[in-house]
Amino acid sequence: MFGFIIAGLIIGALARLFTPGKQKLGLLATLLLGLAGSVIGGTIASILGTGGIFELNIIGFVVAVISSVMLVGTAESLAAKSKN
């Protein structure tokens, strides 16, 4: 469980790094989006047969970062809409 949280933070931080512009997300939001991306990446890797959902592998990691980038973008656009 501790490793899953650390992986979520790393994936969330990478997603924020790859997302253009400045994000106004806190540490908790970064963690949650990274964890969600990790689950998505692990699920897709599991479907492809390269590993389990909670197993660290390259395909799962790459898909997790890509899905987290999309989640960060979605969270930012939702936050911008709620302020208007």
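So, the lining of the largest pocket: by class, that's eight nonpolar, five polar and one charged residues. Keep in mind as I go that this is a predicted model. The pocket itself comes out at a volume of about 190 Å³. Which residues sit closest to its centre? Of the 14 that line the pocket, those are Ala7, Ile53, Phe54, Glu55 and Leu56. If you look at which elements give two or more residues to that lining, you get helix H1, which is 2-18, plus H2 and H3. And H1 gives the most, with four residues.

Okay, those three helices also pack against one another, so let's take the pairs in turn.

Start with H1 and H2. Their axes are 7 Å apart, and the packing angle is about 100°. Angles of 65 to 115 degrees count as roughly perpendicular, so that's what we call H1 relative to H2. On the H1 side, the contact uses Phe4, Ile5, Ala7, Gly8, Leu9, Ile11, Gly12, Ala13 and Arg16. Across from them, H2 brings Leu27, Thr30, Leu31, Gly34, Leu35, Ser38 and Val39. Sort the residues of this contact and you have ten nonpolar, five polar and one charged. Notice Ala7 here: we met that residue a moment ago, among those closest to the pocket centre.

Next pair, H1 with H3. Here the axes come within 8 Å and cross at roughly 60°, which makes H1 oblique to H3. The crossing is right-handed. From H1 you've got Ile11, Leu14, Ala15, Arg16 and Phe18, and they meet Phe61, Ala64, Val65, Ser68, Val69 and Val72 of H3. By class, that's nine nonpolar, one polar and one charged residues. Ile11 and Arg16 may sound familiar, as both were on the H1 list for the contact with H2.

Last pair: H2, residues 27-48, and H3, residues 58-83. They pack at an angle of about 140°, with axes 7 Å apart. That makes H2 oblique to H3. H2 passes H3 in a right-handed crossing. How many charged residues are in this contact? There are no charged ones; the split is twelve nonpolar and seven polar. Among the H2 residues involved are Gly34, Gly37, Ser38 and Gly41, and the H3 residues they and their neighbours meet include Gly60, Ala64, Ser67 and Ser68. Gly34 and Ser38 were also part of the contact of H2 with H1, and Ala64 and Ser68 were on the H3 list for the contact with H1.

Definitions and conventions: Residues numbered from 1 in each chain as written. Predicted model: local features only at pLDDT ≥ 70, side-chain atom pairs only at ≥ 80, totals over all residues. Heavy atoms only, no water. Axes fitted to C-alpha atoms, helices over the stretch in contact; angles between N-to-C directions. Parallel < 35°, antiparallel > 145°, perpendicular 65-115°, else oblique. Left-handed = near helix turned anticlockwise from the far one by under 90°. Contact = heavy atoms within 4.5 Å. Nonpolar A, V, L, I, M, F, W, Y, C, P; charged D, E, K, R; others polar. 1 Å grid on protein atoms, 1.4 Å probe; cavity = no way out; pocket = protein on both sides within 12 Å on 5 of 7 lines; lining within 4 Å. Points joined across faces, edges and corners; volume = space filled by probe spheres on them.
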